[in-house]
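Here's a quick briefing to read alongside the model. It starts with a pocket and its lining, then moves on to a sheet and a helix.

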Amino acid sequence: MARRERWVVVTTLALLQAMTIITGVYAVQTEFSLAALTRQAPHPAERPTASPSVPVITAGPVLASGGDGPLPTKGTLAELLTDALGDKALGGSVGAVVLDARSGQRIFAANADAGIVPASTTKVVTTVAALASLGPDARLSTRVVQGKTPGSVILVGGGDPTLAGPSAKPTTYPKPASLATLAGRTAEALKAKGVKKVTLGYDTSLYTGSPVAPGWKPSYIPDGNVAPIHALTIDEAKQNPARSQPRVSNPPQVAAAAFAKLLGKYGIAVSKSIAPAKAPQGAAELGKVDSPPVYALVEHALTFSDNDLSEALARQVAVKEGRPASFEGGSQAVLAVLKRLGVTRGIQISDGSGLSTRNRISADALARLVALAGSPQHPELHAVASGMPVAGFSGTLGNGRRFTTSDSKGQVGLVRAKTGTLNNVNTLAGFATTKDGRLVTFAFMADKVPASAEPVLDRLAAIVARS
């Protein structure tokens, strides 16, 4: 019976790989949207409500044991990877690890324990910690509460950077919370009290410290890579929600001003003076909107390498873990969570997005975190796996530049991985299933790249998938 069950698992994995290849060919020929491949979890409105005691599982069985296929032949794999790692495009600082996802056994290692600038693969660290600490079903709430007088209200930021402002036209999954919805609910509550004119304040006290991380380059905000981090923000502080730049200089003030205009549309007059304020302890709630669940936020952050959302998740971990919700507190909290999970060696971080040049992560630590995220023992972490871009299909691996060369395009659809890119830094970490059905994880990292090493990283991942 056990032999029959193993045969069924291996056959299922083979069928899944075949279906992926067929889908990829169809996609290339018909140019249909493959965004759905990243949507392992349904839209929140379509998703049945789970009991709080039941863990949410968003990744499919392909991420379970990986079948009973044999491990790749170490000698052959080592020879191929060593040859590819000699490519001059990688520069002089490279780390590489391939692990058996089930056992954690190293299949290949080169400079595996050296700390290397991880760039956006830092998001794997952040999202693992967020899911483990907050839980997959947690949501970030933006509220309006009664001020000290009946005619005063306070907009309280809950750290949701995806909150949609009045000019946003959300068309992607997950659908964000809406500032207009919050204004409508608040206006209804005020009218029920007979209040038609208010003064408005805004509370951003959930987050503390500098809104800019140590190790961020001065060009990051002007270039639209990220906004200053505040607890109250709409549209990720973009002046135009459809464009990454420019970013507004005072996100809380802009959000509060937009909220005041929306209240006016719902029949509540707002005085001209809008200023920071502290919500009274125990103040009555007049309205609230919730973000999508954390598992959906994690998937979005990884698929699209969303820096603003990743920073917010790191600070939410700090809040949950009782640390100051600052860059330093977030980093400490994330590492504390990883310590509980048994993975901290080789990880040093200063932010949640990976923009900081002070971050250092070893290839071994990164590959082990990826394995943890796909482990059957940790279903609460599976959104990390389902959120990773699919080679040639989605997110930062579906931009038309990745897995396009002759030595990697044959593995389109067979690699799922998080990318990392900064000046002189290229990294890639994720999953692949070998030709014999063994699930493996890998991390390839280089932080002294002369120009771009992306094609080489793709080749390395393709070698693993072919092994």
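Sorted by type, the lining of the largest pocket comes out as 15 nonpolar, 21 polar and 14 charged residues. Keep in mind that this is a predicted model. Besides the pocket, there's an open sheet of five strands to look at.

**The pocket**

- The largest pocket holds about 1,200 Å³ of space.
- Its lining is made up of 50 residues, and those nearest the centre are Glu-236, Lys-238, His-300, Phe-304 and Asp-306.
- Three elements each give two or more residues to that lining: α6 (294-303), α7 (307-320) and β10 (415-422).
- β10 provides the largest share of the lining, with five residues.

**The sheet**

- Going across the open sheet, the strands run β6-β5-β4-β3-β7, and the pairing is mixed.
- β6 (269-276) and β7 (285-290) are the edge strands; each has a single partner, so one side of each has no neighbour in the sheet.
- From one strand to the next, the twist averages 20°.
- β3 (residues 141-146) and β4 (residues 152-156) are an antiparallel pair, joined over four bridges.
- Looking for a spot to check that pairing? Arg-143 has Val-156 in β4 as its bridge partner.

**The helix on the sheet**

- α4 (residues 179-192) packs on the sheet and touches β3, β4, β5 (197-203) and β7.
- The direction of α4 makes about 160° with that of β7.

Notes
Residues numbered from 1 in each chain as written. Predicted model: local features only at pLDDT ≥ 70, side-chain atom pairs only at ≥ 80, totals over all residues. Heavy atoms only, no water. 1 Å grid on protein atoms, 1.4 Å probe; cavity = no way out; pocket = protein on both sides within 12 Å on 5 of 7 lines; lining within 4 Å. Points joined across faces, edges and corners; volume = space filled by probe spheres on them. Nonpolar A, V, L, I, M, F, W, Y, C, P; charged D, E, K, R; others polar. Pairing = 2+ DSSP bridges. Axes fitted to C-alpha atoms, helices over the stretch in contact; angles between N-to-C directions. Contact = heavy atoms within 4.5 Å.
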